[in-house]
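This briefing takes up a predicted model and is meant to be read beside the sequence and the coordinates. The topics are the sheet and the helices packed on it, the chain as a whole, the enclosed space, and two individual residues.

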Amino acid sequence: MAIHGKVVAITGASSGIGEATARHLASLGAAVVLGARRTDRLDRLVADIETAGGAAVALRVDVTDPADLQSLVALAVERFGRLDVLVSNAGISKIGPVADLDVAGWSAMVEVNLKGVLHGIAAALPVFHHQGSGHLVTVISTSGLKIVPTQAVYAGTKNAVRTLLEGLRQESTDGVLRTTSISPGYVRTELIDNAIDDPAAREQARQNMTDLGIDPTAVARAITFAIDQPDDVEIGDLTIRPTRQG
């Protein structure tokens, strides 16, 4: 597989889709460079990967800080000589009607979901152009494809990223850069734990996640599929959801 030997940086790597992607790619021979805020979890993940014979290194990363993304990319180049793929997976959700006027929640989603991706692009693009190749894989959401009440701002941040990547793709026809948008539906992750303030609504969302959610490894396999394509093939968009999701 083309995965073997690739160097892949992943944000939001301490749990859920990020953790599953790190484990899966490392099992296929990729060197993974892991970023998240919860360093205790990152350290355990690195230890697991190394015990299984893989290559991994981790760094505390807050994607709202551009310097942290610069440090993550620099760590990849320092330890492994290059960076082939940046998986921008870190994201947060604050769900509720717009009329709730959760301005702090809106701002937090813009900072993480949109500006966090931009910070990763700013850090990775110079390295990709210097190397002559690179791949941006960004986890978005089906919330940006099917707009529903209480998720307007969250969906707005996700669709902003979708638009951003399409514009970047059209600017990058020199063969250097590939971009891929991954839009998962219900996945069993920790995303909703702090997303809903109302206790009853939060419990209902958790039940929906339990009843419908697919395992994060399903998304990890989709990300791997996109990365594994030949250099002249770009998987632009992938939607992956539970079969029973409406």
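**Briefing on the predicted model**

Strand S1, covering residues 7-11, and strand S2, covering residues 31-36, run parallel and are joined by five bridges. Within this pair of strands, Val7 has Ala31 of S2 standing opposite. The points below start from the sheet and then move to the chain, the cavities and two residues.

**The sheet and its helices**

- The sheet is open and consists of seven strands with parallel pairing, in the order S3-S2-S1-S4-S5-S6-S7.
- Its edges are formed by strand S3 (55-60) and strand S7 (237-240), and because each of these has a single partner strand, one side of each is left without a neighbour in the sheet.
- On average, and with direction ignored, neighbouring strands of this sheet are turned by 15° against each other.
- Strands of a sheet pair through backbone hydrogen bonds, in either a parallel or an antiparallel manner.
- Helix H2, made up of residues 39-51, lies across S2 and S3, and runs at about 175° to S3.
- Helix H3, made up of residues 66-80, also packs on the sheet, where it touches S1, S2 and S3, and its direction makes about 155° with that of S3.

**The chain as a whole**

- The chain contains seven helices and seven strands, and read from the N terminus its elements follow the pattern β-α-β-α-β-α-β-α-β-α-β-α-α-β.
- The radius of gyration of the chain is 17 Å, which is close to the 18 Å given by the globule rule for 246 residues, and the chain is therefore as compact as a globular protein of that length.
- Taken along its principal axes, the C-alpha trace of the chain spans about 50 × 40 × 35 Å.

**Enclosed space**

- The model has three cavities of 30 Å³ or more, and the largest cavity holds about 50 Å³ of space.
- The lining of the largest cavity is formed by Thr11, Val63, Ser88, Asn89, Ala90, Val112, Gly116 and Val117.
- Helix H4, residues 103-131, supplies three residues, the largest share of that lining.
- Sorted by class, the lining of the largest cavity has four nonpolar residues, four polar residues and no charged residues.

**Two residues in their surroundings**

- Ala90, one of the residues lining the largest cavity, lies in the loop between strand S4 (85-88) and H4.
- Apart from neighbours within four places in sequence, Ala90 is in contact with Thr11, Gly12, Val63 and Val112.
- Ala90 and Arg37 stand 53 residues apart in sequence, and their C-alpha atoms are 10.0 Å apart in space.
- Gly16 belongs to helix H1, which covers residues 16-27, and, when residues up to four places away in sequence are not counted, Gly16 touches Thr189 and Pro216.
- Although Gly16 and Thr189 are 173 residues apart along the chain, their C-alpha atoms are separated by 4.8 Å.

Key: Residues are numbered from 1 along each chain as its sequence is written. This is a predicted model: local features need pLDDT of at least 70, side-chain atom pairs count only at pLDDT 80 or more; totals for chains, interfaces and linings use all residues. Side-chain values use heavy atoms; hydrogens and water are left out. Two strands pair if DSSP finds at least two bridges between them. Helices (H or I, at least four residues) and strands (E, at least two) are DSSP runs, numbered from the N terminus. Axes are lines fitted to C-alpha atoms, for helices over the stretch in contact, and angles run from 0 to 180 degrees between N-to-C directions. Contact means heavy atoms within 4.5 Å. On a 1 Å grid over the protein atoms alone, a cavity is a set of points where a 1.4 Å probe fits but cannot get out, and a pocket is an open set with protein on both sides within 12 Å along at least five of seven lines; lining residues have an atom within 4 Å of a point. Grid points are joined across faces, edges and corners, and a volume is the space filled by probe spheres set on the points. Ala, Val, Leu, Ile, Met, Phe, Trp, Tyr, Cys and Pro count as nonpolar, Asp, Glu, Lys and Arg as charged, and the others, Gly among them, as polar. The radius of gyration is taken over C-alpha atoms; the globule rule is 2.2 Å times the number of residues to the power 0.38.
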